[in-house]
Amino acid sequence: MAQAVEEWYKQMPVITRSYLTAAVVTTIGCSLDIISPYHLYLNPRLVVKQYQFWRLVTNFLYFRKMDLDFLFHMFFLARYCKLLEENSFRGRTADFFYMLLFGASVLTGIVLLGGMIPYLSESFAKIIFLSNSLTFMMVYVWSKQNPFIHMSFLGLFTFTAAYLPWVLLGFSVLVGASAWVDLLGMIAGHAYYFLEDVYPRMTGRRPLKTPSLIKALFADDPVVVARPANVRFAAPPVDDRHQD
């Protein structure tokens, strides 16, 4: 059993493995009182006035207490982060990292701006960890890129992947969890999907092109397409072979 888990862990792509490891270590560290959540949560005042910039990152690593909800989010993180990195972003690790960076920036920006809006500031002030929202963003992006895959929810009913975020949102409401967290993830996910997939098809421009600096951080192996066995390709026409 332990060997199977180790093999599963080693086979994870680099971004998924790194994020899952950081999330698990951080959450366990807080549960054992090795790390204090008060040093991790998003606090704009401490970031700006006391230069505690690490909070912009650490608030995405802590998934609250270790309970069924934690296992639920770790499953979704491991599954959909891995699916995106291995399929949609295969051979494009830098692009995948940039997607997460974009999502984290959008989520942080929404919370900061929401805290300045009357009547909404109190609700946004309660959102101090955005780890669940970033996970939900990945689920949303995956569902948009794989809309026709058939899925089942707890064996109760089936649906296509396009409705997965809405099914999970409804489930969160039923169990009494905050819908804001999931909605923020959907907003960030849709912003990425529109700017990366829809807008380029409409205009021919790609506003979310990964910066060269980020590409330089990752040495992606080229994706090799295997040639089927016993397939022969016709020789070029005689006229083409004798052209200068």
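This short talk describes the fold, two helix packings and several single residues of one protein chain.

Good morning. Please keep in mind throughout that the structure before you is a predicted model.

Let me begin with the chain as a whole. It contains twelve helices and two strands. In what order do the elements run from the N terminus? Eight helices come before the two strands, and four helices follow them, so that the pattern reads α-α-α-α-α-α-α-α-β-β-α-α-α-α. The chain has 244 residues, and 39% of them count as buried. Consider next the contacts between residues at least 6 apart in sequence: 63% of these join residues at least 24 apart.

I turn now to the packing of helices. Two packed helices are described by the angle between their axes and by the distance between those axes. I shall present two pairs, and helix α8 belongs to both.

The first pair is α5, residues 68-88, with α8, residues 131-145. Their axes lie 9 Å apart, and the helices pack at an angle of about 45°. That angle makes α5 oblique to α8, because an angle counts as roughly parallel under 35 degrees and as roughly perpendicular from 65 to 115. The crossing of these two helices is left-handed. Which residues make the contact? On α5 they are Asp69, His73, Phe76, Leu77, Tyr80, Cys81, Leu83, Leu84 and Ser88. On α8 they are Asn132, Thr135, Met138, Val139, Val141, Trp142 and Gln145. Sorted by class, this contact has ten nonpolar, five polar and one charged residues.

You may notice the spacing of several of these numbers along the helix. An α-helix has 3.6 residues a turn, so residues three or four places apart point the same way.

The second pair is α6, residues 93-114, with α8. Here the angle is about 125°, and the axes are 10 Å apart. α6 and α8 are therefore oblique to each other, and their crossing is right-handed. From α6 the contact takes Phe96, Met99, Leu100, Gly103, Ala104 and Leu107, and from α8 it takes Ser133, Leu134, Met137, Met138 and Val141. This contact divides into nine nonpolar, two polar and no charged residues. Please note that Met138 and Val141 of α8 take part in the contact with α5 and also in the contact with α6.

Helix α9, residues 164-174, adds a further set of contacts. Its buried residues are Leu164, Pro165, Val167, Leu168, Leu169 and Ser172. What do they pack against? Their partners are α5, α8, the strands β1 (150-153) and β2 (157-160), and α10 (179-203). Just after α9 comes Gly176, which takes a positive phi of about 85°.

Let us now look at the region around Leu40. This residue sits in the loop between α2 (14-31) and α3 (44-49). Is Leu40 buried or exposed? Its relative accessibility is 7%, and because buried means under 20%, Leu40 counts as buried. Leaving aside neighbours within four places in sequence, Leu40 is in contact with Thr26, Cys30, Ile35, Arg55, Thr58, Asn59, Tyr62 and Phe129. The C-alpha atom of Leu40 is also 8.3 Å from that of Val57, a residue 17 places away along the chain.

Thr26, one of the contacts of Leu40, is found in helix α2. With a relative accessible area of 10%, Thr26 is buried. Beyond its neighbours within four places in sequence, Thr26 touches Ile35, Leu40, Leu61 and Tyr62. Ile35 and Tyr62 thus appear among the contacts of Leu40 and among those of Thr26.

A word on cysteines. A disulfide is a covalent bond between the sulfur atoms of two cysteines. How many disulfides does a search of the whole structure find? The search finds zero. Cys30, a contact of Leu40, is buried at 7% relative accessibility. Cys81, which belongs to the contact of α5 with α8, is buried at 0%.

Finally, I draw your attention to two residues other than glycine with a positive phi. Asp33, in the loop between α2 and α3, has a phi of about 60°. At 68% relative accessibility, Asp33 counts as exposed. Tyr51 lies in the loop between α3 and α4 (55-58), and its phi is near 55°. Tyr51 is likewise exposed, with a relative accessible area of 57%.

Thank you for your attention.

Key
Residues are numbered from 1 along each chain as its sequence is written. This is a predicted model: local features need pLDDT of at least 70, side-chain atom pairs count only at pLDDT 80 or more; totals for chains, interfaces and linings use all residues. Side-chain values use heavy atoms; hydrogens and water are left out. Axes are lines fitted to C-alpha atoms, for helices over the stretch in contact, and angles run from 0 to 180 degrees between N-to-C directions. Angles under 35 degrees count as roughly parallel, over 145 as roughly antiparallel, 65 to 115 as roughly perpendicular and the rest as oblique. A crossing is left-handed if the near helix is turned anticlockwise from the far one by less than a right angle, and right-handed if clockwise. Contact means heavy atoms within 4.5 Å. Ala, Val, Leu, Ile, Met, Phe, Trp, Tyr, Cys and Pro count as nonpolar, Asp, Glu, Lys and Arg as charged, and the others, Gly among them, as polar. A disulfide is a pair of cysteine sulfur atoms within 2.5 Å. Buried means under 20% relative accessible area, exposed over 50%, partly exposed in between (1.4 Å probe, protein chains only).
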